[in-house]
Amino acid sequence: MKKRILVCMVFVILLGGCWDNKDINHRALPIAMGISYQQGNYEVFLDIPTVSDKNEGIQVISAKGDTISAAVNKISMNMESQVDLLHLKVLIVDKAFATLGLSEITASTIRSRHISPKTMFVICDEPLDQFFKGINNMKNGDGKEIYDFFQKNSGWNPEIAHTPVWKVFRSIHSYTNDVVLPIIKSGESTAIQSMGSGILRNGKMVSRLSNEQTLLYNVFDGNSLDGKIEVMGKATVQIVSSRIHNESKFVNNQPVLNSTLHLKVIIMDVIGVPSIEVIKTELQTLLRRILDQIFKKMERANADIFGIGQHYREDLPRTELAEWRTKYLPQAKINLEVKTTIRNTGNLKLK
Amino acid sequence: MNKSLQVSTTYILTHLGLIFFLYPIDVIDSTNEAHWMPVMLGFLFHILIIAVYMKGLSYFKGQNIVSILLKKSKWLAWIVLLPALLYLLWIMVLAVRAFSEVLSIAILSNTPLWILMMLFLIVPGFMILHGQIGGLLRLSVLLSFLFVTPVIFVMATSFQNIDWHYLFPLWPGDKPLRFVTHFSFYKSLFAYTGGFLLLGFLPSYAEYKPKAIYWGSLLLLPAYLISVYIPVLTLGEETARQLQFPYLFIVDTVEINWLMFDRINVFLLLGLVAFGMFFISVTIWQIQCVIRLGMKDIQPNYLVPGIIALIFAVCLFIPDWQTTDQLFQKNTALRLYVAIVTPVFLLIVGWLHAKKSTYGLKKT
């Protein structure tokens with residue numbers, strides 16, 4: 001008898017946890033959230049897939065508020081179901097807001113814990129209302145493209161930057177780490193079009209990279225495979241593996257980084273009859289040129305997107321490290337050497 | 001019968017539950033660089049007190065600390081036991097309150113706090129009433145089979161986003177021991193002193209080899225280091241100190257494509273909640289021991305619900321996280337007193353006892 005009562009008690013206690021449970025059909029689970037900021041007012045767009053037998057695609061709802069959660073609350077109030085940001089995958093801000101600074105919204109996403117720190121941060125190149133109208137054009141698909149676009153196991157490409165919220169948060173507080181965010185807009189024949197990426201320093205967008213530069217940024221940052229590079233007028237190659245070796249030192253109080261990039265590529269396309277050696281040297285000069293462009297941009301913007309300062313943690317005391325971006329990065333000298341190996345030439349021989 | 005395995009798993013579990021929540025941020029707060037120094041110093045302190053404590057206990061085979069001390073001198077005994085009792089009650093209030101708040105922040109944001117606190121009291125209370133210490137010792141083996149694998153899995157995957165450069169500088173620039181003057185360092189010691197008193201409360205049939213405890217604490221060392229270093233290596237020190245629970249945050253950033261669960265935090269929290277409940281039940285056992293052997297032999301069927309009701313009432317009076325934190329800080333002095341005085345006192349008593357008995361032997 002005592003045992004039975006105890007078992008009942010356990011059920012009462014455990015099932016009590018479900019009392020304010022909201023079933024999944026009473027929840028709205030947005031996959032993307034757009035945020036724009038104008039004169040002290042946030043405008044929030046939520047991209048909510050509608051669940052029905054016909055799979056009618058996506059519903060876009062927007063509201064304004066003093067804070068993001070106030071705006072989300074307003075949407076939740078006016079909707080028949082409760083908005084739950086738990087499965088949010090993409091956070092989109094417009095360009096004006098990104099230049100103004102994202103530190104506040106990053107902090108509030110981290111604080112609330114409703115949004116996962118793994119959510120992708122994205123900058124939009126056009127006004128958000130236009131963007132959301134564009135991507136939800138039924139001609140272009142079922143409306144979940146924005147989700148698939150940034151998933152590494154579906155639509156993501158090495159030309160697109162891949163930066164979750166927590167990395168942006170790190171860049172805001174860190175002395176030596178900055179990030180690049182992908183820039184997109186609604187496309188014409190596809191739902192989304194990649195427009196390169198934006199360099200963020202301390203949460204503010206300060207410069208831009210093109211798609212090609214972003215690919216090389218990804219390669220040099222050590223997180224890219226199978227990106228394809230066009231060697232001007234000669235060939236197209238695919239990167240199969242990359243390795244970076246860095247050597248950091250101080251020469252005359254000036255940080256010097258000797259960097260070697262080992263790249264293994266395979267040939268995809270050839271124009272005319274170039275020799276392997278020609279393709280190799282052309283590729284090396286091309287890579288060096290693009291990376292030098294990125295380094296220049298980086299130094300001009302004082303943003304350490306490659307985390308170069310990380311290599312000098314042992315050489316600089318903390319007080320100096322805090323001034324890394326302004327004092328040391330502009331005079332940093334990066335000696336880049338690119339070594340490429342052409343692993344194979346595909347099914348055809350190359351003369 | 002030798003119960004080394006059970007005692008050392010009990011020992012490991014009670015500590016594991018304490019490490020991952022508050023400990024990392026206390027260590028990160030205490031110093032700007034070279035975090036291994038406060039971790040290692042704390043660990044040495046830990047080894048030292050359990051060594052002294054076990055040496056003291058070894059003079060009295062199979063007796064628990066309450067009866068040892070009361071047999072010597074009643075007044076002297078209470079100098080040690082009263083602070084210990086107060087400390088145990090205090091740490092239990094904090095544990096219940098803090099665990100339920102963490103759970104509320106991390107996953108159950110809609111569940112009222114009092115339900116969580118009740119859960120953290122009723123389940124351990126049930127464990128104690130049903131199994132007493134023997135049951136707890138056996139339960140520790142079961143719990144480690146069930147929960148240690150997911151916790152280790154989470155610990156291994158949390159290495160995903162680290163950047164080894166953040167490890168440097170290994171040796172801090174100036175005044176390497178400055179963290180000793182920082183209050184957070186002493187606060188962080190709670191993760192080392194939480195469970196060691198238990199060794200003195202084990203019944204006579206639970207014999208163990210001191211070696212098992214040393215091995216157990218050595219197994220804990222990676223957990224201490226990981227809980228502090230993973231946030232620092234992933235985010236950098238400057239960013240990590242912004243967070244309330246750095247380790248939990250890092251686990252949230254881990255991406256595993258092949259796993260059907262989006263947030264692997266659930267595994268970690270489930271394991272830690274189990275360990276936390278285990279810690280609370282062990283604490284109830286110690287409080288019960290002190291009261292029953294030292295003051296009045298009340299039936300456990302009345303005593304345990306009484307303790308639970310008292311703790312629950314006190315917990316209800318703590319309104320917010322800030323107050324919890326303040327209570328935690330105020331607890332530091334008492335904790336250090338208990339952690340230092342109890343083992344040392346026991347060692348002296350034991351030493352005198354041994355001397356006396358050899359003297360007695362010689363006389364006869």
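This is a short talk about a predicted model with a chain A and a chain B.

Okay, hi everyone. Before anything else, keep in mind that what we're looking at is a predicted model. I'll spend most of my time on chain A, then turn to the cores and to where the chains touch.

Let's get a feel for chain A. It has 351 residues, and 39% of them are buried. If you put a box around its C-alpha atoms along the principal axes, that box comes to roughly 80 × 55 × 55 Å. As for secondary structure, chain A has eleven helices and 14 strands. And here's one for the contact-map fans: take the contacts in chain A between residues at least 6 apart in sequence, and 68% of them join residues at least 24 apart.

Now, the sheets. Which order do the strands of the eight-stranded sheet follow? Going across, you read β4-β3-β2-β6-β7-β8-β9-β10 in chain A, and this sheet is open, with mixed pairing. At the edges you find β4 (58-65) and β10 (204-209) of chain A, each pairing on one side only. On average, neighbouring strands here are turned by 30° against each other, ignoring direction.

Let me zoom in on β6 of chain A, residues 90-94. Is this strand buried or exposed? Five of its five residues are buried, so β6(A) is largely enclosed by the rest of the structure. A bit of background: in a regular strand the side chains alternate between the two faces of the sheet. For β6(A), V90(A), I92(A) and D94(A) sit on one side, with L91(A) and V93(A) on the other, and both faces are covered.

Who are the partners of β6(A)? On one hand there's β2 (residues 32-38) of chain A, which runs parallel to β6(A) and is joined to it by four bridges. In that pairing, I35(A) is opposite V93(A). On the other hand there's β7 (residues 120-124) of chain A, again parallel to β6(A), this time over five bridges. V93(A) turns up here too, standing opposite I123(A) in β7(A). So if you want a spot to click on in the viewer, try V93(A), which has I35(A) opposite it in one pairing and I123(A) in the other.

Further along the sheet, the pairing sense changes. Strands β8 (residues 179-186) and β9 (residues 192-201) of chain A are antiparallel, with seven bridges between them. I184(A) faces S194(A) across that pair.

There's also an open sheet of four strands in chain A, in the order β11-β12-β13-β14, and its pairing is mixed as well. Why does one side of β11 and of β14 have no neighbour in the sheet? Both β11 (228-231) and β14 (333-344) of chain A stand at the edges with a single partner strand each, so one side is left free of a neighbour in the sheet. From one strand to the next, the twist averages 40°. Inside this sheet, β13 (residues 254-270) and β14 of chain A pair in the parallel sense over eleven bridges, and L261(A) is opposite V338(A) in β14(A).

One helix links the two sheets in our picture: α9 of chain A, residues 276-301. This helix lies across β11, β12 (235-251) and β14 of chain A, at about 145° to β14(A). Helix α9(A) also lies across β9 and β10 of chain A, at about 160° to β10(A).

A quick word on annotation. An unreviewed UniProt entry lists residues 82-109 of chain A as "domain: PLD phosphodiesterase". In the model, that stretch is 46% helix and 25% strand, with its end C-alpha atoms 18 Å apart.

On to the cores. In soluble globular proteins, nonpolar side chains tend to be buried together. The largest nonpolar core here has 109 residues, and A84(B), A95(B), V96(B) and F120(B) have the most contacts inside it. Helix α5 (residues 74-106) of chain B gives the largest share, 19 residues. Looking past its close sequence neighbours, up to four places away, V96(B) touches M117(B), F120(B), L121(B), I280(B), I311(B) and C315(B). A second, separate core has 85 residues, including L88(A), M120(A), F150(A) and L283(A).

Last stop: how many residues of each chain are in contact? It's 24 from chain B and 23 from chain A. Helix α6(B) gives the largest share of chain B's side, three residues. That side divides into eight nonpolar, ten polar and six charged residues. Thanks for listening!

Notes: Residues are numbered from 1 along each chain as its sequence is written. Chains are lettered from A and ligands numbered from 1 in the order in which they are written. This is a predicted model: local features need pLDDT of at least 70, side-chain atom pairs count only at pLDDT 80 or more; totals for chains, interfaces and linings use all residues. A nonpolar core is a set of buried Ala, Val, Leu, Ile, Met, Phe, Trp, Tyr and Cys residues joined through C-beta atoms within 7 Å. A residue is buried if 20 or more other C-beta atoms lie within 10 Å of its own, exposed if 12 or fewer, and partly exposed in between; C-beta atoms are placed from the backbone. Two residues are in contact if their C-beta atoms, placed from the backbone, lie within 7 Å. Two strands pair if DSSP finds at least two bridges between them. Axes are lines fitted to C-alpha atoms, for helices over the stretch in contact, and angles run from 0 to 180 degrees between N-to-C directions. Ala, Val, Leu, Ile, Met, Phe, Trp, Tyr, Cys and Pro count as nonpolar, Asp, Glu, Lys and Arg as charged, and the others, Gly among them, as polar. UniProt positions are given in the numbering used here, feature names are shortened, and annotations may be inferred rather than shown by experiment.
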